Amino acid sequence: MDGDYWWLQINKELVGYWPAKLFSSLGKGATEVLWGGEIVNEKTGGKHTSTDMGSGHFADEGHRKASYFRNIMTVDKTNTLREPQGVYPTITNDNCYNIKEGRNGTSWGFNFFYGGPGLNAKCP
């Protein structure tokens with residue numbers, strides 16, 4: 001292929017790419033990378049949306065219930081895979097959705113669980 005591309009690789013498999021011209025403000029690199037989930041909450045009828053984030057299960061429910069990202073890596077300017085540094089969770093309302101850092105030192109590498117059901121008894 002000709003030109004510059006932004007590639008997405010999961011484990012050792014390349015699963016997609018985008019022409020760099022789609023990301024004109026990034027130039028040759030990024031200063032921030034984000035992972036996780038996002039929903040739109042229009043509070044229809046004055047209630048929080050019932051839209052699931054991820055699987056619809058809270059992060060505390062862990063593997064086989066909650067959604068997760070694992071073995072997260074970025075590629076530095078020398079084309080070397082690195083675990084992300086300076087990572088911090090951001091959440092708007094942990095009664096509706098939450099996040100939990102996974103255990104370090106496992107075969108899952110840098111990982112976290114996230115998600116939730118939205119509207120529930122603690123998230124009106």
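This is a guided tour of a predicted model, with a suggestion at each stop of what to select.

Residues are numbered from 1 along each chain as its sequence is written, and side-chain values use heavy atoms, with hydrogens and water left out. Because the model is predicted, local features need pLDDT of at least 70 and side-chain atom pairs count only at pLDDT 80 or more, whereas totals for chains, interfaces and linings use all residues.

**Stop one: the core.** Select M53, I72, C96, Y97, F110, F112, Y114 and C123, the eight residues of the largest nonpolar core, where such a core is a set of buried Ala, Val, Leu, Ile, Met, Phe, Trp, Tyr and Cys residues joined through side-chain atoms within 4.5 Å. Buried means under 20% relative accessible area, exposed means over 50%, and partly exposed lies in between (1.4 Å probe, protein chains only). Then pick I72 alone: not counting residues up to four places away in sequence, I72 touches W35, E83, P84, F110 and F112, a contact being heavy atoms within 4.5 Å.

**Stop two: H48 and K47.** Select H48, which is found in the loop between β2 and β3; strands are DSSP runs (E, at least two residues), numbered from the N terminus. Is H48 buried or exposed? H48 counts as buried, because its relative accessibility is 10%. The side chain of H48 makes a polar contact with the side chain of N41 at 3.3 Å (a pair of N or O atoms within 3.5 Å; within protein, one must be able to donate a hydrogen and the other to accept it, and residues adjacent in sequence count only if both atoms are side-chain atoms). Leaving aside neighbours within four places in sequence, H48 is in contact with residues including the core members C96, Y97 and C123.

Move next to K47, also placed in the loop between β2 and β3, which counts as partly exposed because its relative accessibility is 49%. With neighbours within four places in sequence again set aside, K47 is in contact with N41, L119 and P124. If you add G118 to the selection, its C-alpha atom is separated by 10.0 Å from that of K47, although the two residues are 71 residues apart along the chain.

**Stop three: two asparagines.** Select N71, in the loop between β3 and β4, which has a positive phi of about 50 degrees although it is not a glycine. N71 is partly exposed, with a relative accessible area of 29%. Finally select N79, in the loop between β4 and β5, where phi is positive at about 65 degrees, although this residue is not a glycine. N79 is exposed, with a relative accessible area of 66%.

Terms used:
Helix = DSSP H or I, 4+ residues; strand = E, 2+ residues; numbered from the N terminus.
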